[in-house]
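Work through the two exercises below with the sequence and the model at hand. Each task is followed by a stepwise solution.

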Amino acid sequence: EANRNRSHKIFQGVALHFEKEYDRKNSPEAKVLKKIFKAGGGKVLTVHSKGKDGMLVCSPDISTVEANSIFKERGLEPISLMWILDSIGCYRLLEMEPFKLRFCEPSLSP
């Protein structure tokens, strides 16, 4: 059973888009975070990846305005890079919901 657990990759089957840079204080470099994510079995999507929806890994301290802009312009839901780091720290894939960065969703009314 120990061998089976070693082969398990935390992010197996998870595909995410990443911000190009994390210029915020205390954030790891984007290329380092991508390497960690890929080593854990994740797939890094590019702007050329099929489909426009999905999640974009962002610095946890982006503003609501920035998060809203990402969603409107790119069709991607922003999620804090802390989801990746905390999942690694807990040795399991955590729920994404608490790590989603809040933004104002467009109104569905006519």
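**Exercise 1.** Decide whether the side chains of Lys-100 and Glu-77 meet in a salt bridge in this predicted model, and place both residues in the chain.

*Solution.*
1. The N to O distance between the side chains of Lys-100 and Glu-77 is 3.7 Å. The cut-off is 4 Å, so the pair counts as a salt bridge.
2. Glu-77 belongs to strand S4 (residues 77–80), and Lys-100 to the segment after helix H4 (82–90). The two are 23 residues apart, and the pair links distant parts of the chain.
3. Lys-100 has a relative accessible area of 19%. Buried means under 20%, so Lys-100 is buried. Glu-77, at 23%, is partly exposed.
4. Lys-100 also meets Glu-97 in a salt bridge, at 3.1 Å from N to O. Glu-97 is partly exposed, with a relative accessible area of 43%.
5. Through shared partners, Glu-77, Glu-97 and Lys-100 form one network. A search of the whole structure gives 2 salt bridges.

**Exercise 2.** Classify the aromatic pair formed by Phe-11 and Phe-37, and state which parts of the chain this pair ties together.

*Solution.*
1. The whole structure holds 3 aromatic pairs. In the pair of Phe-11 and Phe-37, the centres are 5.1 Å apart and the planes are at 45°.
2. Stacked planes are under 30 degrees apart and edge-to-face planes over 60, so this pair is tilted.
3. Phe-11 sits in the loop between helix H1 (2–7) and strand S1 (15–18), while Phe-37 is in helix H2 (residues 30–39), so the pair ties together parts 26 residues apart in sequence.
4. Both Phe-11 and Phe-37 are buried. Together with Phe-18 and Trp-83, Phe-11 and Phe-37 make up one aromatic cluster.

Technical notes. Residues are numbered from 1 along each chain as its sequence is written. This is a predicted model: local features need pLDDT of at least 70, side-chain atom pairs count only at pLDDT 80 or more; totals for chains, interfaces and linings use all residues. Side-chain values use heavy atoms; hydrogens and water are left out. Rings of Phe, Tyr and Trp (its six-membered ring) pair if their centres lie within 6.5 Å; planes under 30 degrees apart count as stacked, over 60 as edge-to-face and the rest as tilted. Helices (H or I, at least four residues) and strands (E, at least two) are DSSP runs, numbered from the N terminus. Buried means under 20% relative accessible area, exposed over 50%, partly exposed in between (1.4 Å probe, protein chains only).
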